[in-house]
Amino acid sequence: MTNNKLIAEFMGINVVTEDDIRANKNPTISSYEGYLEEDLEYHSSWDWLMPVVKKIEAKNYWFNRLDGDVSIVNDKGVIINTPMSDGGIDMYYQTVVEFIERTNLNKQ
């Protein structure tokens with residue numbers, strides 16, 4: 001779930017704790033102020049993951065799927081390549097996580 005928090009931060013979404021919610025006396029689990037880490041669904045929901053893909057693509061990167069692999073490329077070539085796995089959302093999720101981790105390392 002730590003990877004979901006990483007993606008949320010990349011997307012500018014606030015991740016709150018139950019203590020934060022109690023302090024605000026907000027009875028709901030998720031609030032307009034943010035989401036609990038366990039409520040984030042990037043790993044299991046295309047509805048959650050696709051806006052992340054679109055944000056990455058808006059930065060002039062593209063997702064390619066070839067021979068079962070998922071890659072993120074830009075005009076200089078392949079940036080990230082996730083080898084074939086069980087397919088589906090997991091490949092895209094792992095590729096997104098690796099992209100964000102690498103982007104964060106380059107900022108340091």
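V73 has V78, in strand 5, as its bridge partner. Helices (H or I, at least four residues) and strands (E, at least two) are DSSP runs, numbered from the N terminus. The model is predicted: local features need pLDDT of at least 70, side-chain atom pairs count only at pLDDT 80 or more, and totals for chains, interfaces and linings use all residues. Residues are numbered from 1 along each chain as its sequence is written, and side-chain values use heavy atoms, with hydrogens and water left out.

**Strands 3, 4 and 5**

Strand 4 (residues 69-74) and strand 5 (residues 77-82) run antiparallel and are joined by five bridges. Two strands pair if DSSP finds at least two bridges between them. The connection from strand 4 to strand 5 is a hairpin through two residues. Strand 4 also pairs with strand 3 (residues 62-66), in the antiparallel sense and over five bridges. A hairpin with two residues between the strands links strand 3 and strand 4, and D67 in that turn has a positive phi of about 55°. Individual residue pairs are listed below.

| Residue | Opposite residue | Strand of the opposite residue |
|---|---|---|
| V73 | V78 | strand 5 |
| S71 | N81 | strand 5 |
| F63 | I72 | strand 4 |

Strand 4 is largely enclosed by the rest of the structure, because five of its six residues are buried. Buried means under 20% relative accessible area, exposed means over 50%, and partly exposed lies in between (1.4 Å probe, protein chains only). In a regular strand, side chains alternate between the two faces of the sheet.

**K5 in helix 1**

K5 is placed in helix 1 (residues 2-10). What is the relative accessibility of K5? The value is 32%, so K5 counts as partly exposed. Leaving aside residues up to four places away in sequence, K5 touches V15, E37 and L40; contact means heavy atoms within 4.5 Å. K5 and E41 are 36 residues apart along the chain, and their C-alpha atoms are separated by 9.9 Å.

**S45 before helix 3**

Where does S45 lie? S45 is in the loop between strand 2 (35-36) and helix 3 (46-58). With a relative accessible area of 12%, S45 is buried. A polar atom of the S45 side chain lies 3.2 Å from the backbone nitrogen of D47.

How values were computed. A polar contact is a pair of N or O atoms within 3.5 Å; within protein, one must be able to donate a hydrogen and the other to accept it, and residues adjacent in sequence count only if both atoms are side-chain atoms.
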